[in-house]
Amino acid sequence: MHIVDRRLNPGGKSLPNRQRFLRRVKDMAQRAVRESAREKDIKDLGKDGRVTVPGDGVREPRFSRQSGTGLQDYILPGNKTYVEGDRIERPPGGGGGKGSGQGGEGSENSEDAFHFVLTREEFLELFLEDLELPDLAKRRLSIVETEGLRRAGYTVSGSPANLALTRTLRNSMSRRIALKRPKPEEIAELEGRIAEADLGDPRLPDMRLALQALRERTRRIPYVDPIDLRYRRFEPYPRPIAQAVMFCLMDVSGSMTEHMKDLAKRFYILLHIFLTRRYRHVEIVFIRHTDKATEVDEETFFGSRETGGTLVSSALVEMKRVITERYDPNDWNIYAAQASDGDNVSSDGPTSTELLRAHILPACQHFAYLEVGDENGPRAGFVEHRTTLWRTYEALAKSGGAIAMRKVNHRRDIYPVFRELFGRKDARAEAEA
């Protein structure tokens, strides 16, 4: 279907210009949402809130005359200063005074701000617009669901192919019994008695009348009536195209400072909001580890204050156990996101490497590793010191493992790094370039 809009442009405006304006305002609002997310507290991420964009960015472009240029004719009333024929000089500087908020006389340069409040749905729509689970190679995961068919009882009308013979004949028999329709055996028996009777038998006329009544009753009560027909009924129901599971592995050992844990929690909260918002059929498994790893619920994952030594392989062993028991790689798209400060027992490196190479990476579609550092460290993207765990994962990545690695030290860089790990392929390629 092709729709042609033949409505005239409103006065002084252009529809293409307005469309460009709307796109520009949306981009500005999206950038404002991302900037506000960097400074929000963990508990406030994903909630509605106040967003500010520059005032100049929300002004719709329109054509107008420049008062300070060109030749213009005015008809002005006379007064005690000017009479007919006088020429009025052009104002100095090529125009009149400046409007408010644009640096008028006696004021410094300033920019009006446009404030508005987004609902939670609007905030998340802008916040997660161009994010997706990467490398969906095995089975396509989509927000859209396919429509399947399932049995939904019977109906009195339908296609002959869906005729339920058993149910139809049962209804027919119930109706014939209720209406006392003669059985074929009764008619055959009466016909036999009439054939055997003598012509002078006084009961012969009565038997013939009874036979006629039975035959008429048989014709009035058919064997199968349209009221007996029953058809199998089917109704559509939503059926997911595929299913996925995300494993969240977080290091909570003693080497993780409060700042590092805050960065890790921010990363996982962004991931949790992203998954629950964009996908309906994604399960999330939370695993915390020190020198021991346990699968926990969401509240324990984000709120527990447990601490201890560091043994990364314990989290990988726990993840392998959960995959073996509940998530067959042939049926599930498996993803993992790990956050750690990079410290690990040096003797644990070969064990972790073997677990990843032999069990974890072959089952995963994508494995994201976020290394959190001190607040005084460099900006995201710079790895000044390669930790034990970073060197382990870097060797696997160079050998072709499906691992994406990023390092972050500052709170303001969590969202950009998150977008690099879970943005669309074209957006990630542009960011890496």
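Is R321 buried, partly exposed or exposed? With a relative accessible area of 32%, R321 is partly exposed (buried is under 20% relative accessible area, exposed is over 50%, and partly exposed is in between, using a 1.4 Å probe and protein chains only). The legends below start with the whole chain and come back to R321.

This is a predicted model, where local features need pLDDT of at least 70, side-chain atom pairs count only at pLDDT 80 or more, and totals for chains, interfaces and linings use all residues. Residues are numbered from 1 along each chain as its sequence is written, and side-chain values use heavy atoms, with hydrogens and water left out.

**Figure 1. The whole protein chain, with 12 helices and 10 strands.** Helices (H or I, at least four residues) and strands (E, at least two) are DSSP runs, numbered from the N terminus. Of the 433 residues in the protein chain, 38% are buried. Take the contacts (heavy atoms within 4.5 Å) between residues at least 6 apart in sequence: 80% of them join residues at least 24 apart. The protein chain exposes about 26,900 Å², and carbon and sulfur atoms supply 51% of that; accessible areas come from the Shrake-Rupley method with a 1.4 Å probe, and for residues only the protein chains shown count as cover.

**Figure 2. R321 and its two salt-bridge partners, E295 and E325.** A salt bridge here is a side-chain nitrogen of Lys or Arg within 4 Å of a carboxyl oxygen of Asp or Glu. For R321 and E295, the closest N and O atoms are 3.8 Å apart. R321 sits in helix α8 (residues 312-326) and E295 in strand β7 (residues 293-296), so this pair ties together parts that are 26 residues apart in sequence. E295 is partly exposed, at 31% relative accessibility. For R321 and E325, the closest N and O atoms are 2.8 Å apart. These two are four residues apart in helix α8, which means about one helical turn separates them. E325 is exposed, with a relative accessible area of 53%. Zoom out a little and E295, E318, R321, E325 and R326 turn out to be linked in a network of salt bridges; the structure holds 10 salt bridges.

**Figure 3. A salt bridge within helix α6, between D262 and R266.** The closest N and O atoms of this pair are 3.3 Å apart. D262 and R266 are four residues apart in helix α6 (residues 258-278), so about one helical turn lies between them. D262 is partly exposed at 26% relative accessibility, whereas R266 is buried at 4%.

**Figure 4. S172 and the residues it touches.** S172 belongs to helix α3 (residues 165-178) and is buried, at 0% relative accessibility. Leaving aside residues up to four places away in sequence, S172 touches Y223, V224 and D228. The C-alpha atoms of S172 and I227 are 8.4 Å apart, though 55 residues separate the two along the chain.

**Figure 5. A nonpolar surface patch made by L169, Y223 and V224.** The patch covers about 270 Å². Patches are made of residues with over 30% relative accessible area and no salt bridge; like charges are joined within 9 Å, and nonpolar side chains (Val, Leu, Ile, Met, Phe, Trp, Tyr) within 5 Å. Y223 is found in the loop between α5 (204-220) and β4 (231-239). Y223 is partly exposed, with a relative accessible area of 46%.

**Figure 6. Two buried cysteines, C248 and C364.** C248 has 3% relative accessibility, and C364 has 7%. The structure holds zero disulfides, a disulfide being a pair of cysteine sulfur atoms within 2.5 Å.
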